[in-house]
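Me: I'd like to learn how to read a few features off a structure. Could you walk me through one?

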Amino acid sequence: AAAAGSLVAGGVAASSLLSTVVCEESKLVDVSALTKVAKTDDVGLLPQPLNPKYKTALVQIYVTSQPFGGSDKSASGHRYDSIPIANGMIASGMSCQLLHYVPEEHDKFFQVLEGFDAVIVRCNPGQINAAGGDQMKFDDAMRALQKKGKQVWPSPDVMTNMGAKDALCKIADLAIGLPDTLAYYSVAELEAGFKKTMAFQPRVIKQNRGSSGEGIWIIKLKSG
């Protein structure tokens with residue numbers, strides 16, 4: 001009874017201790033020092049492997065001023081693709097813990113990230129600043145992790161050079177590209193080029209920036 005009483009009296013400390021013990025037993029990174037932003041208990045996430053080949057983190061950002069934390073989020077507070085991506089990592093024998101970057105916890109957040117082997121960054125352009133953070137500060141911290149041997153996917157430099165959709169034009173002639181991938185930077189270019197390609201097959205148009213599924217159109221010729 002006394003032991004039970006001391007557990008209740010020290011609820012916060014005991015809870016933190018139990019969390020640490022669970023992480024040690026399952027060989028996960030202890031993230032209990034960070035604010036849990038998700039509205040649900042990671043519904044749909046596969047069980048983490050007890051002995052993961054590598055430990056990975058999937059980093060998101062929740063914008064409190066936007067509905068659901070951003071147009072890329074579901075009611076859970078996670079991105080629509082976060083659980084599937086994490087499950088893919090888990091199915092490959094790696095752990096994948098879902099985290100939200102809270103700008104006010106910047107230093108603590110990146111201290112925790114040092115415990116992972118790799119970081120998957122899933123923060124839309126502009127969202128970190130919209131949440132009250134500093135994109136350059138975030139990017140520099142990710143670069144610092146890279147210098148310590150941690151993998152960051154995508155890295156800040158890759159996002160800068162390849163983050164826009166017109167990056168697909170740069171790889172159009174590679175085996176992973178499509179030769180009929182085109183970019184239009186003016187109304188005149190769009191009118192001239194798009195009508196020509198539209199005559200042969202349906203086309204997909206995407207705005208140059210963004211990764212939340214907005215600004216995407218499938219265009220087909222009207223029958224008859």
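Me: Let's start with bridge partners. Which residue in β3 is the bridge partner of Thr 56?

Reply: Strands of a sheet pair through backbone hydrogen bonds, either parallel or antiparallel. In this predicted model, Thr 56 has Ala 118 of β3 as its bridge partner. Zoom out a little: β1 (residues 55–61) and β3 (residues 118–121) run parallel and are joined by four bridges.

Me: In what order do the four strands form the sheet?

Reply: The order is β2-β1-β3-β4, an open sheet with parallel pairing. The edges belong to β2 (95–101) and β4 (151–153); each has a single partner strand, so one side of each lacks a neighbour in the sheet. On average, neighbouring strands are turned by 20 degrees against each other, direction ignored.

Me: And which helices lie across β1, β2, β3 and β4?

Reply: Look at α3 (residues 82–91), which lies across those four strands and runs at about 150 degrees to β2. Helix α6 (residues 135–147) also lies across β1, β2, β3 and β4, at about 155 degrees to β3.

Me: Just before that helix I see a glycine. Where does Gly 133 lie, and which residues does Gly 133 touch?

Reply: Gly 133 lies in the loop between α5 (127–130) and α6. Leaving out residues up to four places away in sequence, Gly 133 touches Pro 103 and Ile 128. Check Val 102 as well: its C-alpha atom is 8.0 Å from that of Gly 133, with the two positions 31 residues apart along the chain.

Me: On to charges. How many salt bridges does the count come to?

Reply: Side chains of opposite charge can pair when their charged atoms come close. Here the count comes to nine salt bridges. One of them pairs Lys 148 with Glu 114, with the closest N and O atoms 2.6 Å apart. That pair links distant parts of the chain, 34 residues apart: Lys 148 is in the loop between α6 and β4, and Glu 114 in the loop between α4 (106–113) and β3. Lys 148 is exposed at 53% relative accessible area, while Glu 114 is partly exposed at 35%.

Me: What about Asp 42: buried or exposed?

Reply: Asp 42 counts as buried because its relative accessibility is 16%, and the cut-off is under 20%. Its salt-bridge partner is Lys 36, at 3.7 Å between the closest N and O atoms. Lys 36 is exposed, with 52% relative accessible area.

Me: Which residues are linked in a network of salt bridges?

Reply: Try selecting Asp 72, Lys 73, Arg 79, Asp 81 and Arg 122; salt bridges link these residues in a network.

How values were computed
Residues are numbered from 1 along each chain as its sequence is written. This is a predicted model: local features need pLDDT of at least 70, side-chain atom pairs count only at pLDDT 80 or more; totals for chains, interfaces and linings use all residues. Side-chain values use heavy atoms; hydrogens and water are left out. Two strands pair if DSSP finds at least two bridges between them. Helices (H or I, at least four residues) and strands (E, at least two) are DSSP runs, numbered from the N terminus. Axes are lines fitted to C-alpha atoms, for helices over the stretch in contact, and angles run from 0 to 180 degrees between N-to-C directions. Contact means heavy atoms within 4.5 Å. A salt bridge is a side-chain nitrogen of Lys or Arg within 4 Å of a carboxyl oxygen of Asp or Glu. Buried means under 20% relative accessible area, exposed over 50%, partly exposed in between (1.4 Å probe, protein chains only).
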